Amino acid sequence: MDTPLSTIAVVGLGTMGTGIAEVLALAGREVIGIDISEAAARQAVTSLEASTARAVGRGRITGQERADALARFRTHDTLQAAAEAELVIEVVPETYEIKQQVFRELDAVVSPTAILATGTNALSVTRLAAESLHPERVLGLHFFNPAPAMKLVEVVSSVLTAPPAVEAVTKLARELGKEPVAVGDRPGFVADGLLFGYLNQAAAMYEANYASREDIDAAMKLGCGLPMGPLALLDLIGIDTARTVLEAMYAESRDRLHAPAPVLGQLSSAGLTGRKAGRGFYTYDAPGGQAVVPDALTPSAGAATGTGREIISVGVAGSGTMASGITEVFAKAGYTVVLAARGQEKADLAKARIAKSLERSVSKGRLTAEARDETLARITAAGSLDAFAEVDLAVEAVAEDLEIKQQLFATLDKVCRPGAVLATTTSSLPVIAIARATGRPEDVIGMHFFNPAPAMKLVEVVRTVLTADDVHATVRAVCTKIRKHPVDCGDRAGFIVNALLFPYLNNAIKMVEEHYATLDDIDAAMKLGGGYPMGPFELLDVVGLDVSLAIEKVLHKEFRDPGLAPAPLLEHLVAAGCLGRKTGRGFREYARR
């Protein structure tokens, strides 16, 4: 197996196979493209010509490099063409029957030293290898879509795979400009193993009518910095493909989080498999199209949310980072703001923090000095909630403790004028339990801002069963005025973002507990394969392991799903005082400031 892998066959010339062929041809490899469909082969050539032409137009390659790459790509309709290949990568439909047939036929064609790689992301590499006369040369080589753009390649070894085969394809992946991650043989591997559980939970959330498809997708894009929302991503991947992956994952894990949401089966059975069909969770301009077009579920652009209450002045309770950030947001938007803390000194320090933040904006050219002065002039620092007597909207941003929040709302009930809207920024506690601490629960609503509040565009607007319609309309209008994107969600643990984010983080921890992959490999896989701005362990250390554990416990208590139980490793680290960046040690160690 000590070969340069200069001639490589790609079996299956769909979107993924064509993308892999392009990567190989541009990297100087002779590529044998094989597909039983002549139309697929012609389309692969056309796609490669168009893609490389775009690359020339953008200055990424020269015209000569394009011509050379196209000359290195030959198509055939029989596996006999793979005889001279040193590596064969199959990317045929995701079924054991088809893939096993390909491997059996390749055994009779290729040399005994050739490496056979499967592009599966859901099936057992070991089971496929067992069908080969030479199982030691069979492994997984999982590229991500689109293959030319995505840097991650998962190199999957079975218990039968010979180390030299792994070394050869790992070296190849690096020569292709990819980042190889070594993983063991289990459905989903690292990236899809974490990604598809998250996508499945998003589908279940939509199916339960908890939130609209638009709000679920906007929440994860704006709240987590993801390149695509989960339902749009399911449409891109293919809803039938996602269901196949989840079925394989559930067959091994028996974790209910991997049991495919019924809506995935319903859409698949109806042929509504996503972009490729022209319709899935969304409707597209054509089969294979990318542009979303309005359908019966699309909200009207100017849909009225009801008549709201007039908001001129705002009170923000708290003195921490979140309270300061929210105060800055409201003051910038032109509201008169009272920032109340436990004591005048704390309130003054919070206002001073806002002044520093505004000064940074001025130094970076994002804000004028005049706008800075006007913003600060709208903020009054107060040492008592009594200063909220005339505010139209009171927003609490104190510690995430139910008893503390209930005491504060009981005080707001006495201090604030009749008709004032009372909002909590809780990220995990039941809003109704906070509302019941007042004599006017109809005036209480959740406004979950994300940290840092001045930069993050998302606000989860959380209605309880008692929240008045005009209160909901008021808060949505306020969000628009302060240039935030509101998403509606009901009063249940985690709302949208945390309910989808933290099970994903918890599952990443379980992967490490099981010694399936390292912290670095998991973080790299999710950043390079999923487009996440941070890997799960980077994010956990930033959020704080104690905060993460508290949210996991709330989710587990609310939904009673064994799969949501906090990973023991997370509990052990918190018990040891390893809370992340703030303590200098979490999943990783950090230099203390």
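# Exercises on a Predicted Structure

Cys-416 is buried, its relative accessible area being 5%. The model studied in these exercises is a predicted one.

## Exercise 1. Cysteines and disulfides

Determine how many disulfides the whole structure contains, and explain why Cys-416 and Cys-479 form no bond with their closest cysteine sulfurs.

**Solution.**

Step 1. Recall what is being sought. A disulfide is a covalent bond between the sulfur atoms of two cysteines. The cut-off for counting such a pair is a sulfur distance within 2.5 Å.

Step 2. Consider Cys-416. The closest cysteine sulfur to that of Cys-416 belongs to Cys-479 and lies 18 Å away, which is too far for a bond.

Step 3. Consider Cys-479. The closest cysteine sulfur to that of Cys-479 is in Cys-489, at 11 Å, and this too is too far for a bond. Cys-479 has a relative accessibility of 0% and therefore counts as buried.

Step 4. State the total. A search of the whole structure gives zero disulfides.

## Exercise 2. The surroundings of strand β12

Describe how strand β12 is paired, and explain why it is largely enclosed by the rest of the structure.

**Solution.**

Step 1. Examine burial. Strand β12 spans residues 336-340, and four of its five residues are buried, so the strand is largely enclosed by the rest of the structure.

Step 2. Identify the pairing with β11. Strand β11 (residues 313-317) runs parallel to β12, and five bridges join the two. Within this pairing, Ser-313 has Thr-336 of β12 as its bridge partner.

Step 3. Follow the chain between these strands. The path leads from β11 through helix α12 (residues 321-332) to β12, and this β-α-β crossover is right-handed.

Step 4. Identify the pairing with β13. Four bridges link β12 to strand β13 (residues 379-382), again in parallel. Here Val-338 has Thr-380 in β13 as its bridge partner.

## Exercise 3. The two faces of strand β5

State which residues of β5 point each way, whether they are buried or exposed, and which strands pair with β5.

**Solution.**

Step 1. Sort the side chains. In strand β5 (residues 115-118), Ile-115 and Ala-117 point one way, while Leu-116 and Thr-118 point the other way. All of these residues are buried.

Step 2. Describe the pairing with β4. Strand β4 (residues 87-90) is joined to β5 by four bridges, and the two run parallel. The bridge partner of Val-88 in β5 is Leu-116.

Step 3. Add the helix. Together, β4, helix α4 (residues 96-107) and β5 make a right-handed β-α-β unit.

Step 4. Describe the pairing with β6. Strand β6 (residues 138-143) pairs with β5 in the parallel sense over three bridges. In this pairing, Ala-117 stands opposite Leu-139 of β6.

## Exercise 4. A cavity and a pocket

Give the volume and the lining of the largest cavity, and then those of the second largest pocket.

**Solution.**

Step 1. Recall the principle. Rolling a probe the size of a water molecule over the atoms shows where empty space is left.

Step 2. Describe the largest cavity. The count is one cavity of 30 Å³ or more, and the largest cavity has a volume of about 40 Å³. Its lining residues include Leu-194, Tyr-198, Leu-257 and Asn-507. The elements giving two or more residues to this lining are α7 (191-207) and α18 (497-513). By class, the lining of the largest cavity comprises six nonpolar, three polar and no charged residues.

Step 3. Describe the second largest pocket. The second largest pocket holds about 1200 Å³ of space. Its lining numbers 39 residues, and those nearest its centre are Met-322, His-448, Asn-451, Val-543 and Val-547. Among the elements that each supply at least two lining residues are α12, β16 (444-449) and α20 (536-543). The lining of this pocket divides into 25 nonpolar, twelve polar and two charged residues.

Step 4. Look at one lining residue. Val-543 belongs to helix α20. With a relative accessibility of 30%, Val-543 counts as partly exposed.

## Exercise 5. Distance in sequence and in space

Find how far apart Gly-494 and Ser-428 are in sequence and in space, and do likewise for Val-543 and Pro-533.

**Solution.**

Step 1. Locate Gly-494. Gly-494 lies in the loop between β18 (485-490) and α18, and it is buried, with a relative accessible area of 0%.

Step 2. Give the first pair. Gly-494 and Ser-428 are 66 residues apart in sequence, and their C-alpha atoms are 5.1 Å apart in space.

Step 3. Give the second pair. Val-543 and Pro-533 are ten residues apart in sequence, with their C-alpha atoms 14 Å apart in space.

Methods:
Residues are numbered from 1 along each chain as its sequence is written. This is a predicted model: local features need pLDDT of at least 70, side-chain atom pairs count only at pLDDT 80 or more; totals for chains, interfaces and linings use all residues. Side-chain values use heavy atoms; hydrogens and water are left out. Buried means under 20% relative accessible area, exposed over 50%, partly exposed in between (1.4 Å probe, protein chains only). Two strands pair if DSSP finds at least two bridges between them. A crossover is right-handed if, with the strands pointing away from the viewer, the path from the first strand over the helix to the second runs clockwise. On a 1 Å grid over the protein atoms alone, a cavity is a set of points where a 1.4 Å probe fits but cannot get out, and a pocket is an open set with protein on both sides within 12 Å along at least five of seven lines; lining residues have an atom within 4 Å of a point. Grid points are joined across faces, edges and corners, and a volume is the space filled by probe spheres set on the points. Ala, Val, Leu, Ile, Met, Phe, Trp, Tyr, Cys and Pro count as nonpolar, Asp, Glu, Lys and Arg as charged, and the others, Gly among them, as polar.
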